[in-house]
Amino acid sequence: MSEPEIVIAAPPAPPSAPSRPWATAGEANPARFYDLLLGGKDNYAADRDLAERLLRVQPHARTAARENRAFVGRVVRALAEHGVAQFLDIGCGLPARENVHQIAQRHAPGARVVYVDHDPIVLSHARALLADDGNVSVVCADLRDRDALLEAVTVAAPLDWTRPVGVLLTSVLHHLTAGDRPHELTAGLRRAMPPGSALAVSHLTADPAPAAVTEAAALYAAGCGAPLVPRGRAEVAAFLDGLEPMEPGVVFTSEWRPEGPVRPPDQALMYAAVGLRR
């Protein structure tokens, strides 16, 4: 039996409001907010105000974001060493200090990386930063329209779909509600992956701290105008159905092949897993 899903929906926008998540200048933005938790500088007063209120409720949110980012680095390195030289980073967010293409190219010279997002703020920053790298592309697409996303990536990006691709869905699926059909969307992505490919997922969970995470998710949804849906371990594992789990399986981000002290689950707050398509 599947675990119950906690859905924290954003309040409905009035008919005259612009499309979210960029509705008003006074509203926090999901990409800027996450970048703020990582220590970035591309944020505004609304993002800082939301972070201050959310950290009072869930003081480990900043640690969780940084543990997630560290997981991304470890998984890209592991896949590159496994022979994957192409990466598709969906819901990539704002450029960070160590980006996927930098990590991938360090361990697999010439690696190709495609960043996908639908936030104009992210796209603007990413294109400015990556304009001179011929092995890196930035594509505007929305995960909620999987077929259009795959078509956009095929047309605009230099990926070879006859060779393995590392698909990254890190800290993005928890922004999809049940109505967005996240498991169906990821099933379609798995089918599109060539043999030898991998799917990496990280996802917020309320399992270690139900009350604090649920309250923080509600604050986030109200402040950003975007849903935040914590899910349990079984639901996260289902995103990798049909794939061969890469050791150590579904664990907290801090526990996935750690390279130093391991933060406890109530600080990591996200499950992580990688599956290989044989």
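This section describes the pocket, helix α1, the nonpolar cores and the cavities of a predicted model.

The largest pocket has a volume of about 930 Å³. Its lining comprises 47 residues. Closest to the pocket centre are Pro30, Ser171, His174, His175 and Tyr220. Two or more lining residues come from each of α1 (30-37), α3 (61-81), β1 (86-90), β2 (112-117) and α8 (210-224). Of these elements, α3 gives the most, with 6 residues. By residue class, the lining of the largest pocket divides into 30 nonpolar, 10 polar and 7 charged residues.

Helix α1 contributes to this pocket lining and is itself mostly covered. Of its 8 residues, 8 are buried. They are Pro30, Ala31, Arg32, Phe33, Tyr34, Asp35, Leu36 and Leu37. The set thus named includes Arg32 and Asp35, and both of these residue types count as charged. The buried residues of α1 pack against four helices: α2 (45-57), α3, α5 (120-130) and α8. Both ends of α1 carry a local feature. At the start of the helix, a side-chain oxygen of Asn29 comes to within 2.9 Å of the backbone nitrogen of Ala31. Just after the helix, Gly39 adopts a positive phi of about 100 degrees.

The interior was examined next. In soluble globular proteins, nonpolar side chains tend to be buried together. In this model, the largest nonpolar core has 34 residues. Within this core, the residues with the most contacts are Val75, Val76, Leu79, Phe87, Val100, Trp256 and Val274. Both helices and strands supply the core. At least two residues come from each of α3, α4 (100-107), β2, α5, β3 (136-140), β5 (198-204) and β8 (270-276). The largest share, 7 residues, belongs to α3. Helix α3 therefore gives the most to the lining of the largest pocket and also the largest share of the largest core, where a helix is a DSSP run.

Leu79 illustrates the packing in this core. Neighbours within four places in sequence were left aside. Beyond them, Leu79 is in contact with Val84, Phe87, Gly166, Ala198, Met246, Val274 and Leu276. Among these partners, Phe87 and Val274 are listed with Leu79 as having the most contacts inside the core. A second, separate core has 32 residues. Ala141, Leu159, Val172 and Val250 are among them.

The structure also holds 2 cavities of 30 Å³ or more. The largest cavity has a volume of about 90 Å³. It is lined by 14 residues. Gly93, Leu94, Pro95, Asn99 and Tyr115 lie nearest its centre. The helices α4 and α5 each give two or more residues to this lining. The most, 3 residues, come from α5. The lining of the largest cavity divides into 9 nonpolar, 3 polar and 2 charged residues.

The second largest cavity encloses about 50 Å³ of space. Its lining consists of Ala31, Tyr34, Asp35, Leu38, Arg69, Cys92, Gly93, Leu94 and Ala96. Helix α1 provides the largest share, 3 residues. Ala31, Tyr34 and Asp35 are buried residues of α1, and each of them lines this cavity. Gly93 and Leu94 line the second largest cavity and also lie nearest the centre of the largest cavity. By class, the lining of the second largest cavity divides into 6 nonpolar, 1 polar and 2 charged residues.

Technical notes
Residues numbered from 1 in each chain as written. Predicted model: local features only at pLDDT ≥ 70, side-chain atom pairs only at ≥ 80, totals over all residues. Heavy atoms only, no water. 1 Å grid on protein atoms, 1.4 Å probe; cavity = no way out; pocket = protein on both sides within 12 Å on 5 of 7 lines; lining within 4 Å. Points joined across faces, edges and corners; volume = space filled by probe spheres on them. Buried < 20%, exposed > 50% of the residue type's maximum accessible area, 1.4 Å probe, protein only. Contact = heavy atoms within 4.5 Å. Polar contact = N/O pair within 3.5 Å; in protein donor to acceptor, adjacent residues only side chain to side chain. Core = buried A, V, L, I, M, F, W, Y, C linked by side-chain atoms within 4.5 Å.
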